[in-house]
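Trainee: I should like to learn how the interior of a protein model is read. May we work through one example together?

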Amino acid sequence: MLINTLSLLFAFTDYLTELQALGIVVAVGLIVDWFTPRPAEYWELRESASLYYYLHASWLGQLALKDAFWPFFVVFNAALVYIDYRIEEGSFTVASWVTVHIILAMPLVYWTGAVWRCSDQTTRKLWSSLARLITLLAWAEFWLRWVILDQYPQIFFNCQQMITQWGDC
């Protein structure tokens, strides 16, 4: 997450500098930490018997934070790495790249809600704040990818992909 987008924006544009990005992440991290409540003294954990119960319990905030956070984090980043690899190889069109992002948007909404609701199901506030910050960074990843698609497509897509999408290079 943020590996391809930030490195491309830093290297080929003046849209965002390293110091500005660091300042934004630190400021957002401090705000998230400030608004993150202290973990509850006692909570009831649900055992998920099936995928439906897992999704339901995580959405309601009845799972441990690690159980709500890690599965989607791994799948989300694997999907981003895979579509970036396919676009670099030229075996993916720009429209397919955008479609995968649209497909990932709804689970991202679910994941954000689940992580924020399950963040009191841990023993330390640091993990709650960090998990919440990472969900916000996932939204920042989507925003930066939209910026690249809209304003700087030449740094990510090759000429053949751009001709197919926009009609010129």
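The dialogue below takes up the core, the pockets and the cavity in turn.

Mentor: This is a predicted model, in which local features need pLDDT of at least 70, side-chain atom pairs count only at pLDDT 80 or more, and totals for chains, interfaces and linings use all residues. Residues are numbered from 1 along each chain as its sequence is written, and side-chain values use heavy atoms, with hydrogens and water left out.

Trainee: Which residues touch the most other members of the largest nonpolar core?

Mentor: A nonpolar core is a set of buried Ala, Val, Leu, Ile, Met, Phe, Trp, Tyr and Cys residues joined through side-chain atoms within 4.5 Å; buried means under 20% relative accessible area with a 1.4 Å probe, protein chains only. Here the largest core has 42 residues, and Phe76, Trp97 and Trp111 touch the most other members. At least two residues of this core come from each of helix 1 (3–12), helix 3 (51–60), helix 4 (65–89), helix 5 (94–118) and helix 6 (125–151). Helices are DSSP runs (H or I, at least four residues), numbered from the N terminus.

Trainee: With which residues is Phe76 in contact, leaving aside its neighbours within four places in sequence?

Mentor: Contact means heavy atoms within 4.5 Å. For Phe76, the partners are Met1, Leu104, Leu108, Ala138 and Phe142.

Trainee: How is empty space found, and what volume has the largest pocket?

Mentor: Rolling a probe the size of a water molecule over the atoms shows where empty space is left. On a 1 Å grid over the protein atoms alone, a cavity is a set of points where a 1.4 Å probe fits but cannot get out, whereas a pocket is an open set with protein on both sides within 12 Å along at least five of seven lines; lining residues have an atom within 4 Å of a point. A volume is the space filled by probe spheres set on the points, which are joined across faces, edges and corners. The largest pocket has about 240 Å³. Helix 6 gives the largest share of its lining, five residues.

Trainee: How does that lining divide by class?

Mentor: Ala, Val, Leu, Ile, Met, Phe, Trp, Tyr, Cys and Pro count as nonpolar, Asp, Glu, Lys and Arg as charged, and the others, Gly among them, as polar. The lining of the largest pocket has 12 nonpolar residues, with no polar and no charged ones.

Trainee: Which residues line the largest cavity?

Mentor: Thr5, Asp84, Trp97, Arg145, Ile148 and Phe156 line this cavity, whose volume is about 30 Å³. Its lining comprises three nonpolar, one polar and two charged residues.

Methods: Buried < 20%, exposed > 50% of the residue type's maximum accessible area, 1.4 Å probe, protein only.
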